[in-house]
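Trainee: I'd like a close look at just one part of this protein, starting from a single side chain and working outwards. Could you take me through it slowly?

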Amino acid sequence: MSTSNQNKNHSADAHKRVGFVSLGCPKATVDSEHILTQLRAEGYDIVPSYEDADLVVVNTCGFIDAAIEESLDAIGEALAENGKVIVTGCLGAKGDIVKQTHPNVLAVTGPHATDEVMRAIHQHLPAKHDPFIDLVPPQGIRLTPRHYAYLKISEGCNHRCTFCIIPSLRGDLVSRPVNDVLGEAERLVTAGVKELLIVSQDTSAYGVDVKYKTEFFHGRPVKTRMTELCEALGQFGVWVRLHYVYPYPHVNEIIPLMAEGKILPYLDIPFQHASQKILKAMKRPASSENTLQRIKQWRDICPEITIRSTFIAGFPGETEDDFEQLLDFLDEAQLDRVGCFAYSAVEGAKANELAGAVPEEVKQERVARFMEKQADISASKLKQNIGRIRDVIIDEIASDKTDENIIARTSSDAPDIDGLVYINAQENNSTQVNKLQVGDIIPVKVIDTDEYDMWAELVTTD
């Protein structure tokens, strides 16, 4: 949020004004959107500055130390600039750390707690609802651009990975009813969303907690299960992108849907490591040999598939040999989009009890070596796009006459975490260019690439 030099001068009859700071992952973004939607439904105004707000809500992240520090700093800033602050999110589930650091906050809740947050707001900032003017769009209030949206299908996780504290923050898996998910997707598409990003803690476990219960959507039976959900979402005619997919065997079922164009050929699947010893210490499944075989099978079925993954370097007990196995895996797997993070000793994680802590300088050196190797792989794979026609979704159209005045993404690139396509449209027919809008999906010809991004020109249409 920003500060403002304006003085608060709200009349007694004016709507109460709430400022909002949203931190953390896409799941937290969805939580924020639910709270914002409820606020607008009850007649509150959402304002962008501390000075204009009667109260500020801070949705926090508490996964790693850097996120905790960022969240505590944001709370401190809100208190200094406004004074009335309610805290929600994952940091709120980590004991008394918020109250100990900032005792003057009005209330603290955990994640996925819209009702609790609203009760605290009602207590400290009651608002009078005006049914004639307090209108909420059917898709709710969102923090993403109009053309894409995160669609959360479940909350919590049943796994107990030793590096992760998500289950202690968000609980065990709770799947949303599939008809509820599809209903929200339908409303989003009707409102103009062109890309649905499916998120959860464990997307491939969707429905296991309700034994894949069959629900009905528009009179048709649909199982509460990832494969059937993907089939149903594919009928909306928009891009459907899967995130946070755990490598269960039944993930193989959705690859044909990608090959058929029902959902995007994009799989975000965090492998975390390749050493079987480290995977066992992490309590992660499979081995690198099995994973390599599955990747080959997926590419045989759907040659256009983009595989994104994340890895941890410097996990307790990781030797140089373990790390070399990870580098060898990168060479073999030739993954398309990859991130690597140094192991962070998150408070409460079981991995902290393991022997063989890796020195910080060694962690950082391994991350640098990892990313250097992956940059070469990524550059080589992106170079194969030169001369190809790719469909892209437009994220931004610059108002000035710069050379690269359109910024877009291919189906291989998720917003915020993957690469971009920069398009020079100055030499194209001005009528064609002027018709373009953010969210349009258009064909372009790739003319250049680097390690992560691509440059393209519009395909001329008659």
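Which residue has its backbone oxygen 3.1 Å from a polar atom of the side chain of Asn59?

Mentor: It is Ala28: its backbone oxygen lies 3.1 Å from a polar atom of the Asn59 side chain, inside the limit for a polar contact (N or O atoms within 3.5 Å, one able to donate a hydrogen and the other to accept it). Before we go on, this is a predicted model, in which local features need pLDDT of at least 70 and side-chain atom pairs count only at pLDDT 80 or more, while totals for chains, interfaces and linings use all residues. Residues are numbered from 1 along each chain as its sequence is written, and side-chain values use heavy atoms, without hydrogens or water.

Asn59 itself lies in strand β3 (strands are DSSP E runs of at least two residues, helices H or I runs of at least four). With a relative accessible area of 3%, Asn59 is buried (under 20%; exposed means over 50%, with a 1.4 Å probe). Leaving aside residues up to four places away in sequence, Asn59 touches Phe20, Val21, Ser22 and Leu23, then Ala28, Asp31 and Ser32, and also Thr88 and Gly89 (heavy atoms within 4.5 Å).

Now let's step back to the sheet around this residue. β3 belongs to an open sheet of 5 strands, whose order is β2-β1-β3-β4-β5 and whose pairing is parallel (a pair needs at least two DSSP bridges). At the edges are β2 (45-47) and β5 (107-108), each of which pairs on one side only. β3 and β1 run parallel and are joined by 5 bridges. If you want a place to look for this pairing, find Gly19, which stands opposite Val56 in β3.

Two helices lie across this sheet. Helix α1 (residues 26-41) crosses β1, β2, β3 and β4, at about 175 degrees to β1. Helix α2 lies across β1, β3 and β4, and its angle to β3 is about 180 degrees (between N-to-C directions of lines fitted to C-alpha atoms, on a scale from 0 to 180 degrees).

α2 repays a closer look. This helix covers residues 65-81, 17 residues in total, and reaches 24 Å from its first C-alpha to its last, close to the 24 Å expected at 1.5 Å a residue (1.5 Å times one less than the number of residues). Its buried residues are Ala67, Ile68, Ser71, Leu72, Ala74, Ile75, Ala78 and Leu79. Looking down the axis of α2, you would find these residues within an arc of 155 degrees, so they line one face of the helix (judged by the directions from the axis to the C-beta atoms).

What sits over that buried face? The cover includes three strands of the sheet, β1 (17-22), β3 (55-60) and β4 (85-89), together with helix α3 (97-101). Ala66 and Ala80 are exposed, and they are carried on the face of α2 turned away from its buried side. After α2 comes Gly83, where phi is positive, near 105 degrees.

To bring it back to your starting point: Asn59 is a buried residue of strand β3, and β3 is among the strands that both α1 and α2 lie across.
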